[in-house]
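Work through the exercises below with the model open. Each task is followed by a solution in steps.

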Amino acid sequence: MGRRILAIGGYALGSKLDDLVLELGGPKVLFVPTAAADDDSAVVAFYDSFGARAEASHAAFFPWPREDLREHALSRDVIYVSGGNTANALAIWRTHGFDRVLREAWEAGVLLTGWSAGMICWFESAVTDSFGPELAPLHDGLGFLAGSACPHFDGEARRRPVYTGLVHDGVLPPGLAADDRVGILFEGDEVAEVVSYRDGATAYRVTAEGAEPLPARLL
C-alpha cells in the first residue's frame with residue numbers, strides 16, 4: 001500500500017470511522033495515547049471498540065516506552081493516535097525517536113490515523129490548545145502533510161474564527177479543517193476523500209480568502 005493518513009476532526013472511538021479504519025488498514029491496530037498522557041480511560045475506550053474484532057495493542061510512553069517499540073509499530077496495519085496535548089506528544093515522541101518510527105511506518109504503507117491531536121500532528125503546523133486554554137499556532141508538527149490543520153471546526157466555538165484568522169493573517173499557511181465526526185483520507189500528499197458520519201458535517205480548504213467546504217461521503 002502507498003502512504004495513507006486518515007485525519008479525523010473529533011473524537012471517533014466507537015464510531016463508524018473505526019469500521020473504516022479496519023477496512024482501510026487491516027486488523028493489527030496500535031493505539032498511541034501519548035497526547036492523553038496514556039490516560040487509562042482512552043486506552044479502555046480503544047479496546048472496547050477494537051479489542052474483540054482486531055489484533056489490538058497500545059504503546060505507552062510512561063514510565064518509558066516498550067523495548068520493541070519500533071519493531072512492533074512497523075508490524076502493525078494501523079497506528080491510531082489519540083486526542084490530547086499535541087505539543088507534549090510531539091516532544092515525547094522526538095525524545096524517544098518515535099517521530100522517525102512514524103515516518104518509517106507511513107512510508108511502509110501503515111495507515112496513520114487519529115482524532116484531534118491525532119489529526120493535526122501529521123501536518124507542518126496547526127491551531128492548538130496545547131499551550132493553554134486559548135488557541136494558538138503550532139509550527140513544529142511532523143510535517144508528513146504540507147500546510148496547516150484544524151480539528152473541531154464545528155465542535156468548539158473558537159476554532160473556526162481563530163483558525164481562519166491565523167491563516168488570513170499569514171501566521172499559519174493555508175490548510176484543512178475538519179468538523180467533528182469527519183475524516184479526511186490522504187493518499188500520498190493529496191486528499192483522496194472526505195467521509196462523515198453526520199449529515200452536514202464536512203471538511204474545508206482554508207485559505208486567506210476563507211473556508212471552502214469539500215464534498216463528503218456519508219458513512
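Two strands count as paired if DSSP finds at least two bridges between them. The model is predicted.

**Exercise on strand pairing**

Task: Find which residue of β5 is the bridge partner of Tyr-80, and place that bridge in the pairing of β4 with its neighbours.

Solution:
- Start with strand β2 (residues 28-32), which is joined to β4 by four bridges, the two strands running parallel.
- Within this pairing, Val-29 has Val-78 of β4 as its bridge partner.
- Go on to strand β5 (residues 111-115), which also runs parallel to β4 and is joined to β4 by four bridges.
- The bridge partner of Tyr-80 in β5 is Thr-113.

**Exercise on the faces of a strand**

Task: Decide whether the side chains on each face of β4 are buried or exposed.

Solution:
- In a regular strand, side chains alternate between the two faces of the sheet.
- In β4 (residues 78-81), Val-78 and Tyr-80 lie on one side, with Ile-79 and Val-81 on the other.
- Buried means a relative accessible area under 20%.
- All four residues are buried, and both faces of β4 are covered.

**Exercise on salt bridges**

Task: Determine which residues share a salt-bridge network with Arg-159, and compare the accessibility of its members.

Solution:
- The whole structure holds eleven salt bridges.
- Side chains of opposite charge can pair when their charged atoms come close.
- Take the partner Glu-156: its closest approach to Arg-159 is 2.8 Å, N to O.
- Glu-156 is partly exposed because its relative accessibility is 33%.
- Now take Asp-129, whose salt bridge with Arg-159 has its closest N and O atoms 3.8 Å apart.
- This pair links distant parts of the chain, 30 residues apart: Asp-129 sits in the loop between β6 (123-128) and β7 (136-138), and Arg-159 in helix α7 (residues 159-168).
- Asp-129, at 35% relative accessible area, is partly exposed, whereas Arg-159, at 3%, is buried.
- The shared partners join Asp-129, Glu-156 and Arg-159 into one network.
- For another case, see Asp-68 and Arg-66, whose side chains meet in a salt bridge at 2.5 Å, N to O. Here Asp-68 is partly exposed at 33%, and Arg-66 is partly exposed at 32%.

**Exercise on a helix face**

Task: Establish why the buried residues of α7 line one face of the helix, and what covers them.

Solution:
- List the buried residues of α7: Arg-159, Val-162, Tyr-163, Leu-166 and Val-167.
- Viewed down the axis of α7, these residues fall within an arc of 130°, so they line one face of the helix.
- An α-helix has 3.6 residues a turn, so residues three or four places apart point the same way.
- The cover over the buried residues of α7 includes β6, β7, β8 (145-150), β9 (175-178) and β12 (203-207).
- Just after α7, Gly-170 adopts a positive phi of about 80°.

**Exercise on the largest pocket**

Task: State which elements give two or more residues to the lining of the largest pocket.

Solution:
- The largest pocket encloses about 150 Å³ of space.
- Its lining includes Phe-123, Leu-145, Ala-146, Gly-175, Leu-176, Glu-190, Val-191 and Arg-205.
- Elements that give two or more residues to this lining are β8, β9 and β11 (190-196).

Technical notes. Residues numbered from 1 in each chain as written. Predicted model: local features only at pLDDT ≥ 70, side-chain atom pairs only at ≥ 80, totals over all residues. Heavy atoms only, no water. Buried < 20%, exposed > 50% of the residue type's maximum accessible area, 1.4 Å probe, protein only. Salt bridge = Lys/Arg side-chain N within 4 Å of Asp/Glu carboxyl O. Arc of directions from axis to C-beta. Contact = heavy atoms within 4.5 Å. 1 Å grid on protein atoms, 1.4 Å probe; cavity = no way out; pocket = protein on both sides within 12 Å on 5 of 7 lines; lining within 4 Å. Points joined across faces, edges and corners; volume = space filled by probe spheres on them.
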